[in-house]
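Here's a quick briefing to keep beside your viewer. Have a look at the model first, then go through the notes by topic.

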Amino acid sequence: MVSRRQVLVTGGASLLLLGGGFGAYVGTRSIAKAQEPWKQATTGFGDPRLDAMAYAILAPNPHNRQPWQVRLVGDDSFTLYCDLEKRLPHTDPPNRQITIGFGAFVELFRQAAAEKGYRADITPFPEGEPEPVLDNRPIASVTMTKDSSVQRDPLFGSILNRRSTKEPFDPRGVDNETFAKLQAMAFAGHADTGLSLVTTSEPGRVAKLRDLTWKAWMVEYETPRTQMESVDLIRIGANEINASPDGIDLGGPMIEAGLLGGIITREELAKKGSSAYETGISINEEALRNTSSFGWLQSVENSRTTQLRTGMAWVRINQAATALGLAMHPVSQILQEFPEMSELYEEYHDYVAVAAPSRVQGLFRLGYAAAPEPSPRWPVESLILNV
């Protein structure tokens, strides 16, 4: 089935007139190569660190940049760094969201290590917390130790099924009993972090949050430099996705047809008023409007270590949602720290009664929808730095 997100052209009907041979061609375009790391995670690499990293690289991260770099140390340790070329300077100027992505990485690593009977001792920012942006200092140092007493994490089994679902959700909201289960599963053994999860399906609050998140999405989309940051990272069609399995993937038969027909290009996606540009608006508006439940993750302060812990909590919430049959989709544009977003940022924080130094670290839709295919990933061996 082709999702509305894949049909990014208003001229789709005319493409059908190109004939059966054309349709057969685009139907053969596959991104299986870019999705292969999701299968490789279960195979093993002969090094317990790489075995656990094969799961860690499946972590959610902003714009799917996959900014992680690893230097192996000895036989049981590694140091984790940020690829500074993969930061998002326009939508994420202080590198807060990128840091949250690293938290998701180390949490999935910890779970995968525990599954094999290893304790992962994680030291955040061993050379100090980089400010105001990330630099060459390490994000974390990690040591694995064989430990028969380590407890396996019940959320590990949901790693391979975890998704960020960008489609419209079913009309029914999430009930309070399910919210309570989500809280319990996500924070089991991880409650003392200075983070809290707030959820709502109350119609009035949901309506307000739909309105705020839509306005924030439009601010990012209509601010030229922030929009171009996304456009530059779009991979259009199977060839581009397989060659560069990161960024924002646009694939599927209609995308392949639009690409070959010259209808879908980066220029068209960036050009205000074009069919591709306007369809991007309508597709995302439909997704946001078809939301009956929201959740947000807030912290008592905003240190780099707290951002890392936020990522650990974020991915656990996503995994718990998956285990409960819920779809989850981050809509954190309103939390971005570029000047054009500041007014909405303040309005949202006032609305949810969160005042500095506390802040909301992540906002997301929750609901019910079919799970999409897994996002492209670079293979685990690509992130290893040479000594």
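The notes below cover sheets, a helix pair, a pocket and some unusual backbone spots.

Keep in mind that this is a predicted model. Two open sheets come up, one with strand order 1-2-4-3 and another with strand order 5-8-10-9. Beyond those, there's a helix pair crossing at about 85°, a pocket holding about 570 Å³ of space, and two cis peptide bonds, at Glu131-Pro132 and Ala356-Pro357.

**The 1-2-4-3 sheet**

- Four strands make up this open sheet, and their pairing is antiparallel.
- Strand 1 (68-73) and strand 3 are the edge strands; each has a single partner strand, so one side of each has no neighbour in the sheet.
- From one strand to the next, the twist averages 25°.
- Inside the sheet, strand 2 (residues 77-82) and strand 4 (residues 140-146) are held in register by four bridges in the antiparallel sense.
- If you want a residue pair to click on, Ser77 has Thr143 in strand 4 as its bridge partner.
- Helix 4 (residues 48-56) lies across strand 1, strand 2, strand 3 and strand 4, and runs at about 165° to strand 1.

**The 5-8-10-9 sheet**

- This open sheet also has four strands, with antiparallel pairing.
- At its edges stand strand 5 (195-200) and strand 9 (327-330); each has just a single partner strand, so one side of each is left without a neighbour in the sheet.
- Neighbouring strands here are turned by 25° against each other on average, ignoring direction.
- Strand 9 and strand 10 (residues 359-367) run antiparallel and are joined by four bridges.
- His329 sits opposite Arg365 in strand 10.
- Helix 13 packs on this sheet, touching strand 5, strand 8 (293-299), strand 9 and strand 10, and its direction makes about 10° with that of strand 10.

**Helix 7 against helix 8**

- Helix 7 (residues 203-222) and helix 8 (residues 224-231) pack with their axes 5 Å apart, at an angle of about 85°.
- Angles of 65 to 115 degrees count as roughly perpendicular, and therefore helix 7 and helix 8 are roughly perpendicular to each other.
- On the helix 7 side you'll find Val219, Glu220, Tyr221 and Glu222, which meet Pro224, Thr226, Gln227 and Ser230 of helix 8.
- Sorted by class, this contact has three nonpolar, three polar and two charged residues.

**The second largest pocket**

- The space in the second largest pocket comes to about 570 Å³.
- Its lining has 27 residues, and those nearest the centre are Arg110, Gly189, His190, Met312 and Arg316.
- Elements giving two or more residues to the lining are helix 5 (96-115), strand 3 (118-124), helix 6 (176-187) and helix 13 (304-323).
- Which element gives the most to the lining of this pocket? That's helix 13, with six residues.
- By class, the lining splits into 15 nonpolar, five polar and seven charged residues.

**Backbone oddities**

- As background, most peptide bonds are trans, and most residues other than glycine have a negative phi.
- The bond between Glu131 and Pro132 is cis, with omega about 0°, and Pro132 lies in the loop between strand 3 and strand 4.
- Ala356 and Pro357 are likewise joined by a cis peptide bond, with omega about 10°; Pro357 is found in the loop between helix 14 (342-351) and strand 10.
- Asn95 isn't a glycine, yet has a positive phi of about 65°. You'll find Asn95 in the loop between strand 2 and helix 5.

Terms used
Residues are numbered from 1 along each chain as its sequence is written. This is a predicted model: local features need pLDDT of at least 70, side-chain atom pairs count only at pLDDT 80 or more; totals for chains, interfaces and linings use all residues. Side-chain values use heavy atoms; hydrogens and water are left out. Axes are lines fitted to C-alpha atoms, for helices over the stretch in contact, and angles run from 0 to 180 degrees between N-to-C directions. Angles under 35 degrees count as roughly parallel, over 145 as roughly antiparallel, 65 to 115 as roughly perpendicular and the rest as oblique. Contact means heavy atoms within 4.5 Å. Ala, Val, Leu, Ile, Met, Phe, Trp, Tyr, Cys and Pro count as nonpolar, Asp, Glu, Lys and Arg as charged, and the others, Gly among them, as polar. On a 1 Å grid over the protein atoms alone, a cavity is a set of points where a 1.4 Å probe fits but cannot get out, and a pocket is an open set with protein on both sides within 12 Å along at least five of seven lines; lining residues have an atom within 4 Å of a point. Grid points are joined across faces, edges and corners, and a volume is the space filled by probe spheres set on the points. Two strands pair if DSSP finds at least two bridges between them.
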